[in-house]
Amino acid sequence: MSTPLADTTNPDLGLLYAVNGLAKRSPEWLDHLVSWIGEYGILIGLALLGLVGWLQARRRPDAPVAVAGLLWAPLATAIAELANLPIAAIVDRPRPFVDHTGLDVLVEGKAGTHSFVSDHSTMSMGIAVGLFLVNRKLGWIAGGLALLQGFCRMYMGVHYPTDVIGGFALATAVVLLLAPIAMAVLVPLCHALSRTAVAPLIRAPRGGPRPRGGRRRGDARGAVRADEQPPESDLAA
């Protein structure tokens, strides 16, 4: 038996019908496109953004710190998904099309699964917030994709607006609240890995040949040794 949360408020249900109503008035090819984007496409796009972020992080002066921040994004998302398991079981909210007729459901196989909170919304916002902590530009793009993800889930008729908001809130809370503890572990780990055979995964190899001979006497003052690391900057670029 579902909890009272299944009896959604009128604004919640009204917004769902308004967004899902677009699917009824749209051509079939657009419904298929939105369904693919909402189910797979946005997650693929976020993975590609993460790849771009990693390539950029390896070239930063504080590469081990930046790469540690990028590692935290998927790890935090996984933790948020695990946290959602008991939440979904306790709330026990059925999918909107179970209790309400007239919705155009664009994806099959969702009956019998929990609606609150939205897993897709949790994953997309978790990656977006994690990226934002490391790279503001990529984070803003990922945040836009996360919002689009929430819209798509309502367009597809598989989530209430509050399911989407709950997923956003859960992911944001996990990423931000646990970040200090995670970085206290991941930063030393990445520093240690940067001195091993997997160092290219943490710090991009420095290009160009080394200068021949010793330094001139006039260059000694203020010169920086090759093995010295510049001071670490703020995590977000």
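This text goes through three packed helices, the spaces beside them and two unusual spots in the backbone. The model is predicted.

Start with helix H2, residues 28-57, and helix H3, residues 63-91. Their axes lie 9 Å apart, and the two helices pack at an angle of about 165 degrees. Angles over 145 degrees count as roughly antiparallel, so H2 is roughly antiparallel to H3. The crossing of this pair is left-handed. On the H2 side the contact uses Gly53, Trp54 and Ala57, and these meet Ala63, Ala66, Val67 and Leu70 in H3. Sorted by class, six residues of this contact are nonpolar, one is polar and none is charged.

Next comes the packing of H3 against helix H5, residues 119-134. Here the axes come within 8 Å and cross at roughly 155 degrees. That angle makes H3 roughly antiparallel to H5. The crossing of H3 and H5 is right-handed. H3 brings Ala66, Gly69, Leu70, Ala73, Pro74, Thr77, Ala80, Glu81 and Asn84 to the contact, while H5 brings Asp119, Thr122, Met123, Gly126, Ile127, Gly130, Leu131 and Val134. By class this contact holds nine nonpolar, six polar and two charged residues. Ala66 and Leu70 of H3 take part here, and both of them also belong to the contact of H3 with H2.

The remaining pair to look at is H2 and H5. They pack at an angle of about 15 degrees, and their axes are 11 Å apart. An angle under 35 degrees counts as roughly parallel, so H2 is roughly parallel to H5. H2 passes H5 in a left-handed crossing. From H2, the residues in contact are Gly38, Glu39, Leu43, Leu46, Leu49 and Gly50; from H5, they are His120, Met123, Ser124, Ile127 and Leu131. Six of the residues in this contact are nonpolar, four are polar and one is charged. Met123, Ile127 and Leu131 of H5 are among those that touch H2, and they are also among those that touch H3.

Now turn to the space left between atoms. Rolling a probe the size of a water molecule over the atoms shows where empty space is left. With a lower limit of 30 Å³, the count is one cavity. The largest cavity has a volume of about 40 Å³. Its lining consists of Gly53, Gln56, Ala57, Arg60, Leu70, Leu131, Val134 and Asn135. H2 and H5 are the elements that each give two or more residues to this lining, and H2 has the largest share, with three residues. Four of the lining residues are nonpolar, three are polar and one is charged. Some names here are already familiar: Gly53 and Ala57 line the cavity, and they also lie in the contact of H2 with H3.

A second space to examine is the second largest pocket, which holds about 310 Å³. It is lined by 16 residues, and those closest to its centre are Gly50, Trp54, Leu70, Leu71 and Pro74. Two or more lining residues come from each of H2, H3, H5 and helix H8, residues 199-202. The lining has 15 nonpolar residues, one polar residue and no charged residues. Leu70 is one of the residues closest to the pocket centre, and Leu70 also lines the largest cavity.

Two points in the backbone deserve a look as well. Most residues other than glycine have a negative phi, and most peptide bonds are trans. Aspartate 92 has a positive phi, near 55 degrees, although this residue is not glycine. Aspartate 92 is placed in the loop between H3 and helix H4. The other point is the peptide bond from phenylalanine 116 to valine 117, which is cis, with omega near -5 degrees. Valine 117 lies in the loop between H4, residues 96-99, and H5.

Methods
Residues are numbered from 1 along each chain as its sequence is written. This is a predicted model: local features need pLDDT of at least 70, side-chain atom pairs count only at pLDDT 80 or more; totals for chains, interfaces and linings use all residues. Side-chain values use heavy atoms; hydrogens and water are left out. On a 1 Å grid over the protein atoms alone, a cavity is a set of points where a 1.4 Å probe fits but cannot get out, and a pocket is an open set with protein on both sides within 12 Å along at least five of seven lines; lining residues have an atom within 4 Å of a point. Grid points are joined across faces, edges and corners, and a volume is the space filled by probe spheres set on the points. Helices (H or I, at least four residues) and strands (E, at least two) are DSSP runs, numbered from the N terminus. Ala, Val, Leu, Ile, Met, Phe, Trp, Tyr, Cys and Pro count as nonpolar, Asp, Glu, Lys and Arg as charged, and the others, Gly among them, as polar. Axes are lines fitted to C-alpha atoms, for helices over the stretch in contact, and angles run from 0 to 180 degrees between N-to-C directions. Angles under 35 degrees count as roughly parallel, over 145 as roughly antiparallel, 65 to 115 as roughly perpendicular and the rest as oblique. A crossing is left-handed if the near helix is turned anticlockwise from the far one by less than a right angle, and right-handed if clockwise. Contact means heavy atoms within 4.5 Å.
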